[in-house]
Every structure is written in C-alpha cells, then in structure tokens.
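Open the model in your viewer and keep the sequence panel at hand. We will move from one selection to the next.

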Amino acid sequence: MDHVPSLVVDNGSVNEEVKINKEKEKRLIVLGRNIHTMCLEVTEPDVDDEVTGDREAYMAGVLARYKRALTERTKHHLGYPYNLDFDYGALSQLQHFSINNLGDPFIESNYGVHSRQFEVGVLDWFARLWELEKNEYWGYITNCGTEGNLHGILIGREVFPEGILYASRESHYSVFKAARMYRMECVKIDTLWSGEIDCDDFKAKLLQNQDKPAIINVNIGKFLHHCFSLSIPFSLPLTLFILTLTTIAGTTVKGAVDDLDLVIKKLEEAGFSQDRFYIHCDGALFGLMMPFVKRAPKVTFKKPIGSVSVSGHKFVGCPMPCGVQITRLNYVNALSRDVEYLASRDATIMGSRNGHAPIFLWYTLNRKGYRGFQKEVQKCLRNAHYFKDRLVEAGIGAMLNELSSTVVFERPHDEEFVRRWQLACKGNIAHVVVMPNITIEKLNEFLNELLEKRATWFQDGKDQPYCISSDVGEKNCLCALHK
Ligand SMILES: Cc1ncc(COP(=O)(O)O)c(C=O)c1O
C-alpha cells in the first residue's frame, strides 16, 4: 500500500479527495507536528442559513467524512491498549440526557439526572473482584486511569501529609504528575531489565528515609515465571480454563509490573509497619485482565493496600475514556468535605462527573460477565503468541513477555506506516497490544503489509533492521549482528 490518503493523515478533518504532494506528505508525517494541521473552523451562521439549509448540509457533510475517517482509523489501530470492539447500540437512547454524577456516588445530590445506581453496581463488582467488603469500600467511576492515580496518591498524601512518594522510573507519567501537583517529595526507584521495580533499590531508598511514611505507587498486571490457571472469582465452576502461557504486563511501554508481595516484604524489612505506609496500585493497563489468572501475585485488599485503579476504556472497551477507583472507606474520610450546594460530599478529583460512563461499564459487565472476560483474555494471549511467532518466522526481532498480550518488535522504518497502524514506538522498538478486537485476520493484514514494506526499506542494502537487543535481549533480536 503505497499511498496513504490524506484522510488518514489528518484524522478526518480534510477532504478525502485532496491529493497531497510528496513534499507536503513528508512534512505532515514529522512526529509531533502531524496533527492539528487542519482545523474545522467554527463560523457564524449566515442570516438565511435556516432557510437555505446550507449550514445543516455542510455540517452533515463534515460529520459524514469524520465518521468515515473514524471507521478507517478504528480498523487500523494496533498500538494502544484499547478494545475498540463494542456495541452499545442499546444505549443510544440515553444520549439526549445530561447525566451527571457530581458529588459522592453513595450520597445522592439534588441533581436528579444521574446514574448512581449504575455506578454503585459497577463499583460493587470491582470491590468484589478485589476482595473488599461492601461496607468497607469507597470508590467512584473516574474519567480515566490517570484520575485514579491522582486520586489514589492524593489519599496517600492526605493520610500521610509528610509521606514520600516512591514509584519506579517506568511508572506512568501521571504518577509523577501527581507528585508535582501535590508538591510531594518523590523518590524514583530503579527498574530491572524487565521494567519492573527493583526492590533492592526500593529497600535501600526506604532505609534512607525511615523517618517519613511511605506512599508507594505499584504497577500491577504482570506475573513473571509462573504457571497459570485461571482464577475464577465468585462462584463460577473452577474447571473452565487452564493457561500455561506467559506474563500479563502492565507498565506503559515495556509492559512490566511490580511484584506487590515483594514490595510489601521490603517495606516490612525496612521497618515500615502498616500504619506507616500507603500503597496505591495502578492497574490502568491490564488491571482487568489479570484477575483471571491464578497463582499470580494477587491484587486484593486482603493485602495492606490502600487503593486500586483501572481504566475502563481499555480492556473493557467504551466510547469514552473512563476508569474505576476503589479504596478503603476509612481512608476517604481524610479527603472528603461536605458541600451544601450539592447536598452531597466532595471526595472526587473532578466536580461534574460523566454519568454515561458508568452505564456503559455496567452494560458490558452484565453482558460479558466473568466468563466473557476470561474468554477474551485467553483469546488475546493466543493471538499475541501467534503474532509474535509470525514475526519471528519472518525474520523480525520480537518479544512477548510471559502472559502478555503486548508484542514488542523492531520499529518499522517508515513513520507513515507507523502512523497508519497507530503503533506505539519508543527508540528502536514498537509494540502492538493485542486487545479483544485484534483478530488473526487483522494481524495477518498488518504482517503482509509490513513484509511488503520491509522488502522496500532494505532492498538496496542502505538500511538495515534496527538492533533491539538492549530493549528485548539478544536472543529476541534478529538484527544483522544477532540473528
Ligand atoms: C500503567 C499506566 N498507568 C496509567 C495510565 C493512564 O491511563 P489513562 O490513559 O486511562 O489515563 C496508563 C495509560 O496507558 C498506563 O499504561
């Protein structure tokens, strides 16, 4: 596929028919400069617009083109952990309502167009998943995983105003943003080659700061070197699936996750009793995949953790970004204030809160249930293995962590191709996150295009495949030196 239509490049904001010359195409694909090059200007209606209908027709045309672009972009999306496969047709009837859950999910405000009944239903589901009793948890549906992190860390700060925030270097940027926003002292912990927190460094840094309580961000989701079978919460039959695959991975780029049990052990070894630390678990990425894997270090409130957050729009799939935050009820008091104007309580980061999101989550949880999620996790892992094997067969260096659905491989040599498939790249590596909507057919289509393109990148010998040994290890690298 030689020509990528400008429609793709500009995310629907330009006319499909417009042809772009080579020079412009080059400029357009400069990273960081490739969007916002077009703007759908807002113009004042003409006086006779209502009569002529021109404005309506213009707007309908723009929206139709945008919808086509979205459809195309949805088809060619591989790099981010978003499940784009969902059907919420049954909920379209609700778009005429301004549903807002402002205030506390458990305290009805005077604003009656809300969806708290759905929100609390979803929260109960997650509290059960993470083993916290109904009368012991508090939580809310957030705007995204980032908000969950901001909230979890804020609780930690309110519980321990003098506390130091500890987080591995590979933690999501929202964690460091929280430290800046709350002006907290933040200590970055080294990571292992896999990207997971280096617990020896963690302990050493704890020992240097024994006089101050510890607030720790732990990335959850990855389980290395275990043999897995699926854990089946609630009362589902225990014989459903056996997985003996590999790792579910959780940090943003490498997909690494910290060993929660070891983090707790290091805290104990460094003399931190449970009343002197607060752990926030960032499960944004794969927090909802991992509960279906047994014999892995489990995220549960039976352990001394303070909060867990996940993104709702990732594995679950949702038209709008959203997330879930669960914490212990006794902690949230440290943070909340009564607001007379709302007739509710303020304990969330945001004021107005999206009341549609809980209904979308509630809808999917009801439709799929645990069994549905189990099947999807299994499918993602199978497809990720298939994809990685096909890459290696084709001579492309690739890595797939145990029980991970993130396949890391050599960065394509053409940024236009990277953008066409919306790959996430860092340095010499790119990754594909196999979500439930990424089928074998889609992976094959990608592979065929990649192989075709590759043949042209390397045909005259001027360009060579990148060496990715420092990212994925020598055994996974197939560059000229390591193959
Ligand atoms: C580990 C981790 N934490 C937090 C986030 C932030 O989640 P969101 O994009 O929902 O704000 C991400 C996003 O990918 C992530 O990978």
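Leaving aside its neighbours within four places in sequence, which residues is V434 in contact with? Keep in mind that this is a predicted model. Select V434 and look around: beyond those sequence neighbours, its contacts are C380, N383, A384, F387, S405 and V407.

Next, widen the view to the largest nonpolar core, which has 101 residues. V434 is among the members that touch the most others, along with W130, V263, I326, L361 and V407. Now colour helix 12, residues 357-393: with eleven residues, this helix gives the most to the core.

Stay in this region and show the open sheet of four strands. Their order is 10-11-13-12, and the pairing is antiparallel. At the edges you will find strand 10 (398-400) and strand 12 (424-426), each pairing on one side only. From one strand to the next, the twist averages 25°. Helix 12 packs on this sheet, where it touches strand 10, strand 11 (406-410) and strand 13. The direction of helix 12 makes about 160° with that of strand 10.

Zoom in on strand 12 and strand 13 (residues 429-433), which pair in the antiparallel sense over three bridges. Pick C425 and you will see A430 of strand 13 opposite.

Last stop: the ligand. Select the 16 residues that surround the ligand; the closest are C144, G145, T146, H172 and A284. Which helix gives the most to this shell? Highlight residues 145-159: that is helix 6, which gives three residues. Colour the shell by residue type and you get four nonpolar, eleven polar and one charged.

Note on methods. Residues are numbered from 1 along each chain as its sequence is written. This is a predicted model: local features need pLDDT of at least 70, side-chain atom pairs count only at pLDDT 80 or more; totals for chains, interfaces and linings use all residues. A residue is near a molecule or strand if its C-beta atom, placed from the backbone, lies within 6 Å of it. Helices (H or I, at least four residues) and strands (E, at least two) are DSSP runs, numbered from the N terminus. Ala, Val, Leu, Ile, Met, Phe, Trp, Tyr, Cys and Pro count as nonpolar, Asp, Glu, Lys and Arg as charged, and the others, Gly among them, as polar. A nonpolar core is a set of buried Ala, Val, Leu, Ile, Met, Phe, Trp, Tyr and Cys residues joined through C-beta atoms within 7 Å. A residue is buried if 20 or more other C-beta atoms lie within 10 Å of its own, exposed if 12 or fewer, and partly exposed in between; C-beta atoms are placed from the backbone. Two residues are in contact if their C-beta atoms, placed from the backbone, lie within 7 Å. Two strands pair if DSSP finds at least two bridges between them. Axes are lines fitted to C-alpha atoms, for helices over the stretch in contact, and angles run from 0 to 180 degrees between N-to-C directions.
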